[in-house]
Amino acid sequence: MRALTFRQPWAHAVVALPEELAKRIDNRKRVPPASWMGKWFAVHAGNQFDLKSWPWPSAVEPPAMKDCPRGMVLGVARLRGWFATQPRLHYQFASYDDCNDVVNMPGNRWWLGPVGLLLGDVVALKRPVVCGGRLGYWRLPPDVESVVLTRLLDEFDVEHEMMRQLLED
């Protein structure tokens with residue numbers, strides 16, 4: 001399973017905030033691999049708690065450090081697309097429907113750039129899975145992937161199609 005590490009409290013903002021406040025745009029320096037487009041990935045919380053690296057939106061109360069598990073897979077999400085404004089406007093989306101959401105991306109409270117990943121279909125695990133992480137785009141170790149998939153099946157009425165897509169390369 002693909003994985004992407006987020007520093008805390010940013011991982012918390014992806015999986016734990018109410019949908020109307022949740023972080024559905026992640027700021028990165030590089031565009032994702034084309035093979036990730038439309039695919040599911042594990043949301044991994046890194047070991048660092050860093051509220052100073054990016055400005056936290058004033059409309060959202062930042063969580064306390066104690067409320068942000070680190071070194072764990074917190075859930076899964078789908079990469080719906082990406083958007084960049086420098087050096088010129090360019091983008092890629094998993095489907096035509098996903099491109100409609102980018103219209104409001106530059107005004108979104110979470111958008112800072114230079115590349116915004118559009119996240120969707122976020123599912124938070126009720127019991128996060130301990131896992132060391134990596135920088136950039138990576139894959140979960142097979143034993144961790146197995147636990148994550150088992151918990152998704154145990155904790156949720158996960159659709160067969162979602163599980164098939166999670167297992168795709």
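## A tour from D121 inward

Select D121 to begin: with a relative accessible area of 44%, this residue counts as partly exposed. Keep in mind as you look around that the model on your screen is predicted.

**Stop 1: a salt bridge between strands.** Which residue does the side chain of D121 meet in a salt bridge? Add R78 to your selection, and you will find the N to O distance of this salt bridge to be 2.8 Å. D121 belongs to strand 6 and R78 to strand 4, so the pair ties together parts that lie 43 residues apart in sequence. Is R78 buried or exposed? At 18% relative accessibility, R78 is buried, since the cut-off for that label is under 20%.

**Stop 2: a small network.** Next, select K23, D26 and R28, which are joined into one network by salt bridges that share partners. Zoom in on D26 and R28, where the side chains meet with 2.5 Å from N to O. Both of these residues are buried. How many salt bridges does the structure hold? There are seven.

**Stop 3: another salt bridge.** Now pick K66 and D67, whose salt bridge has its closest N and O atoms 3.2 Å apart. K66 is exposed, with a relative accessibility of 73%, while D67 is partly exposed at 40%.

**Stop 4: strand 4 and its partners.** Select residues 72–84, which make up strand 4. Why is this strand largely enclosed by the rest of the structure? Twelve of its 13 residues are buried, so the surrounding structure covers most of the strand. Show residues 115–130 as well: this is strand 6, which runs antiparallel to strand 4 and is joined to it by ten bridges. Then show residues 40–49, or strand 3, which pairs with strand 4 over six bridges, again in the antiparallel sense. V73 is a handy marker in strand 4, for it stands opposite V129 in strand 6 and H44 stands opposite it too.

**Stop 5: the nonpolar cores.** Nonpolar side chains tend to be buried together in soluble globular proteins. Here, select L4, F6, F41, V43 and L117, the residues that touch the most other members of the largest nonpolar core, which has 19 residues. Strand 1 (2–8), helix 1 (10–15), strand 3, strand 4 and strand 6 each provide at least two residues of this core. Which of these elements gives the most? Strand 4 does, with five residues. Apart from this core lies another one of 16 residues, including V76, L125, W138 and L152.

Stay with L4 for a moment and bring up what it touches beyond four places in sequence. Among these residues are R28, W36, F41, V43, L117 and W138. You have already met R28 in the salt-bridge network, and W138 in the 16-residue core.

**Stop 6: a loop to finish.** Finally, select P69, in the loop between strand 3 and strand 4. P69 is partly exposed, at 31% relative accessibility. Which residues is P69 in contact with, leaving aside neighbours within four places in sequence? They are Q8, A45 and L74. Add V130 and draw a line from C-alpha to C-alpha: the two residues are 9.5 Å apart in space, though 61 residues separate P69 from V130 in sequence.

Definitions and conventions: Residues are numbered from 1 along each chain as its sequence is written. This is a predicted model: local features need pLDDT of at least 70, side-chain atom pairs count only at pLDDT 80 or more; totals for chains, interfaces and linings use all residues. Side-chain values use heavy atoms; hydrogens and water are left out. Buried means under 20% relative accessible area, exposed over 50%, partly exposed in between (1.4 Å probe, protein chains only). Helices (H or I, at least four residues) and strands (E, at least two) are DSSP runs, numbered from the N terminus. Two strands pair if DSSP finds at least two bridges between them. A salt bridge is a side-chain nitrogen of Lys or Arg within 4 Å of a carboxyl oxygen of Asp or Glu. A nonpolar core is a set of buried Ala, Val, Leu, Ile, Met, Phe, Trp, Tyr and Cys residues joined through side-chain atoms within 4.5 Å. Contact means heavy atoms within 4.5 Å.
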